[in-house]
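Dear colleague,

I am handing over the structure below, together with its sequence, and would be glad if you could look through it alongside the notes that follow.

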Amino acid sequence: MKKTLFTSCLLALLVLPGISFAASHNMAGMDHGTMSKKGDVHKGMLTVGEQTVDGVKAVVYLNDVKATMAKMGMKETHHLMVHFYDAKDGKTIEEGTAAVKIKGPDGKEGAAIKLIGMDKHFGADVILEQKGAYVFAIGTQLADGVKRQFELKYEIK
Ligand SMILES: [Cu+2]
């Protein structure tokens, strides 16, 4: 579990006190769109997919951060981002807790990784080293207190 403590997001927070969360988040090389080169909101992000469970829509993205992380001596390869929306009014849900379990192409499921609430999304830096199909099982307990389980598949080519 130590790895999750060293996510670049958190690291940036720890080493750059006084800088707003969103700013530090982006400064760590995590391109969440706002600082993308061409101004396209989701440029460079890989769309994993979306799923609606019990009135909540989860939209999941991956951002390849391998090069940036390697420079900092870290093994994480992707920033996993999950946006939650109220399926009725489309409003972003930012309160609550979320965690992900990742099953790799080898069929092994890793330990639960806490997704940290960030600027309009929940995220974590994860290691997706193998090529092949991954399954992201995302458990949440958001603002309404209801437990939901999302499951999305994504293939790393
Ligand atoms: Cu993030």
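Strand E7 (residues 132–142) and strand E8 run antiparallel and are joined by ten bridges, and within this pairing Ala137 stands opposite Glu151 in E8. The two strands form a hairpin with four residues between them, and in the turn Gly145 has a positive phi of about 80°. Please keep in mind throughout that this is a predicted model.

The hairpin belongs to an open sheet of eight strands, with antiparallel pairing, whose order is E1-E2-E3-E6-E5-E4-E7-E8. Strand E1 (45–53) and strand E8 (147–156) stand at the edges and have a single partner strand each, so one side of each is left without a neighbour in the sheet. On average, and with direction ignored, neighbouring strands of this sheet are turned by 25° against each other. Elsewhere in the sheet, strand E2 (residues 56–64) and strand E3 (residues 78–86) run antiparallel and are joined by nine bridges, with His83 in E3 as the bridge partner of Val59.

As for the chain as a whole, there are four helices and eight strands, and from the N terminus on the elements run α-α-α-β-β-α-β-β-β-β-β-β. Of its 157 residues, 29% count as buried, and among the contacts with a separation of 6 or more, 53% are between residues 24 or more positions apart.

Turning to the interior, the largest nonpolar core has 24 residues, and those with the most contacts inside it are Ala58, Leu80, Val82, Val100, Phe136 and Ile138. At least two residues of this core are supplied by each of E2, E3, strand E4 (96–103), strand E5 (113–117), strand E6 (122–126) and E7, while E2 gives the most, with five residues. Which residues does Leu80 touch, not counting residues up to four places away in sequence? They are Leu62, Val100, Gly123, Ala124 and Val126.

A word of caution on confidence: the chain averages a pLDDT of 81, and 73% of the residues score at least 70. Over residues 1–6, however, the pLDDT is below 50, and this stretch has seven contacts in the model beyond near neighbours in sequence. The pLDDT is also below 50 over residues 10–31, a stretch with 37 contacts in the model beyond near neighbours in sequence. Where pLDDT is low, the predicted coordinates should not be read in detail.

With best regards

Notes
Residues numbered from 1 in each chain as written. Predicted model: local features only at pLDDT ≥ 70, side-chain atom pairs only at ≥ 80, totals over all residues. pLDDT = per-residue confidence, 0-100. Contact = placed C-beta atoms within 7 Å. Buried ≥ 20, exposed ≤ 12 C-beta atoms within 10 Å, placed from the backbone. Pairing = 2+ DSSP bridges. Axes fitted to C-alpha atoms, helices over the stretch in contact; angles between N-to-C directions. Core = buried A, V, L, I, M, F, W, Y, C linked by C-beta atoms within 7 Å.
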